[in-house]
Amino acid sequence: MEKLVSFRLITLLITGLFLTETTAWAGVATDSPTLKIVATNYPLAYFAERIGGNRVSVDLPVPADEDPAFWKPTAKAVGDMQKAELILLNGADYEKWLPRVSLSKFKLADTSTSFKNNFIRVENAVTHSHGPGGMHSHEGIAFTTWLDFDQAGKQAEAAALAMIRKRPELKSLMMDNLKPLKDDLLVLDSHMQALASSKPGIPLLGSHPVYQYLARRYGLNLKSVHWEPNEMPSEEAWAGLRKLLETHPAQWMIWEAQPSEAIVEKLKVLGISSLVFTPSANRPETGDFLEVMKTNLDQLKEAFH
Ligand SMILES: [Zn+2]
């Protein structure tokens with residue numbers, strides 16, 4: 001009897017130990033604290049959300065009506081970044097505010113360094129204004145890196161690796177989530193390739209100098225002006241466009257956002273139709289990155305009819 005009790009006791013103890021052990025072991029993967037991430041534009045926020053799922057919280061600190069490329073962080077935003085564990089940067093000279101804020105380099109992850117030798121330099125940039133940021137110029141390095149969907153895939157991968165460095169125990173989960181994301185970007189890339197090669201070299205116009213990587217990757221014959229969708233261009237700007245059309249007879253202008261009816265009508269007189277291909281630098285009102293890009297491709301199809 002005494003032996004049986006002690007036997008049972010030992011069994012209980014062992015079972016108990018085993019249970020505690022397995023719970024603790026599982027706890028590494030399921031209970032590690034939420035990884036707090038700040039992303040400096042929407043594409044990176046979207047990538048981080050897909051890679052980390054509910055194991056991460058992703059903050060995009062840029063107000064909805066501002067272009068993250070010309071945003072300057074408030075004191076509160078800097079405080080929030082100091083509290084975050086990981087800050088995903090676009091790189092390519094995107095975060096012009098970075099040298100002026102104090103952030104530990106251990107929490108910074110530049111997602112475009114793997115292709116920095118292929119950055120495009122912007123020549124003859126004109127200073128102009130849009131949004132609450134006031135006047136700005138596109139001088140320096142072209143920064144809309146993610147519209148080359150191959151580069152976007154590299155940025156997603158860099159984001160995943162930075163996240164894994166902060167939570168090594170979530171490596172397999174994050175790599176499993178990265179795979180379908182990269183597949184989605186690959187599909188976009190091949191659809192863009194197919195679309196662009198259906199009518200190679202047709203002249204196109206961009207309303208703003210943000211399509212450099214899109215044009216390079218997919219071989220678009222695109223020349224850009226510096227227009228805003230809701231600001232009627234000056235007479236000088238219209239004269240500039242008419243001059244450009246002499247050597248670049250485009251029938252389509254690609255816009256970041258829906259242009260005003262007055263601009264659309266005035267372009268029609270010159271034989272130019274308008275379509276929207278939004279870089280989605282900030283969080284869209286509806287849908288996600290993938291849906292926005294699919295809509296972009298559908299819009300762009302019009303120009304290749
Ligand atoms: Zn601009």
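A residue is taken as buried if 20 or more other C-beta atoms lie within 10 Å of its own, and as exposed if 12 or fewer do so. The structure analysed here is a predicted model. By this criterion, 35% of the 305 residues of the protein chain count as buried. The secondary structure comprises nine helices and 12 strands. Of the contacts between residues at least 6 apart in sequence, 58% join residues at least 24 apart.

Helix H9 spans residues 289-301. Its 13 residues reach 18 Å from the first C-alpha to the last, close to the 18 Å expected at 1.5 Å a residue. Within H9, the residues Phe289, Val292, Met293, Asn296 and Leu300 are buried. These residues lie on the same side of H9, because they cover an arc of only 95 degrees around the axis. An α-helix has 3.6 residues a turn, so residues three or four places apart point the same way. On the other side of H9, Glu291 and Asp298 are exposed. The buried residues of H9 pack against three elements, namely helix H2 (42-52), helix H5 (171-198) and strand S12 (273-276).

Two of these partners, H2 and H5, also meet each other. Two packed helices are described by the angle between their axes and the distance between the axes. For H2 and H5, the axes come within 7 Å and cross at roughly 130 degrees. The two helices are therefore oblique to each other. On the H2 side, Phe47, Arg50, Ile51 and Gly52 make the contact, and on the H5 side Met174, Asn177, Leu178 and Leu181 do so.

Helix H4 covers residues 149-166. With 18 residues, H4 reaches 26 Å from its first C-alpha to its last, close to the 26 Å expected at 1.5 Å a residue. Buried residues of H4 include Phe149, Gln151, Lys154, Gln155 and Met163. Among the buried positions of H4 are also Ala152, Gly153, Ala156, Ala158, Ala159, Ala160 and Ala162.

Strands of a sheet pair through backbone hydrogen bonds, either parallel or antiparallel. One open sheet of four strands has the order S2-S1-S3-S4, with parallel pairing. Strand S2 (56-59) and strand S4 (108-110) each have a single partner strand and stand at the edges, so one side of each is left without a neighbour in the sheet. On average, neighbouring strands of this sheet are turned by 25 degrees against each other, direction ignored. Strand S1 (residues 35-39) runs parallel to S2 and is joined to it by four bridges. In this pair, leucine 35 has valine 56 of S2 as its bridge partner. The covered face of S2 carries Val56 and Val58, whereas Ser57 and Asp59 belong to the uncovered face. Strand S3 (residues 86-89) pairs with S4 in the parallel sense over three bridges. Here leucine 88 has alanine 109 of S4 as its bridge partner.

A further open sheet of four strands has the order S10-S9-S11-S12, with parallel pairing. Its edges are formed by strand S10 (221-224) and S12, each with a single partner strand, so one side of each is left without a neighbour in the sheet. The twist averages 30 degrees from one strand to the next. Strand S9 (residues 203-206) and strand S11 (residues 252-255) pair in the parallel sense over two bridges. In this pairing, glycine 206 stands opposite isoleucine 254 of S11. The edge strand S12 is also among the elements against which the buried residues of H9 pack.

Several loop positions were examined individually. Asparagine 54 is placed in the loop between H2 and S2. This residue is exposed, with 7 other C-beta atoms within 10 Å. Its C-alpha atom is separated by 7.9 Å from that of threonine 34, although asparagine 54 and threonine 34 are 20 residues apart along the chain.

Most residues other than glycine have a negative phi, and most peptide bonds are trans. Aspartate 93, in the loop between S3 and S4, has a positive phi near 65 degrees. Because aspartate 93 has 17 C-beta neighbours inside 10 Å, this residue counts as partly exposed. Serine 280 lies in the loop between S12 and H9, and its phi is likewise positive, near 55 degrees. Serine 280 has 24 C-beta neighbours inside 10 Å and therefore counts as buried.

Notes. Residues numbered from 1 in each chain as written. Predicted model: local features only at pLDDT ≥ 70, side-chain atom pairs only at ≥ 80, totals over all residues. Expected span 1.5 Å × (residues − 1). Arc of directions from axis to C-beta. Contact = placed C-beta atoms within 7 Å. Pairing = 2+ DSSP bridges. Axes fitted to C-alpha atoms, helices over the stretch in contact; angles between N-to-C directions. Parallel < 35°, antiparallel > 145°, perpendicular 65-115°, else oblique.
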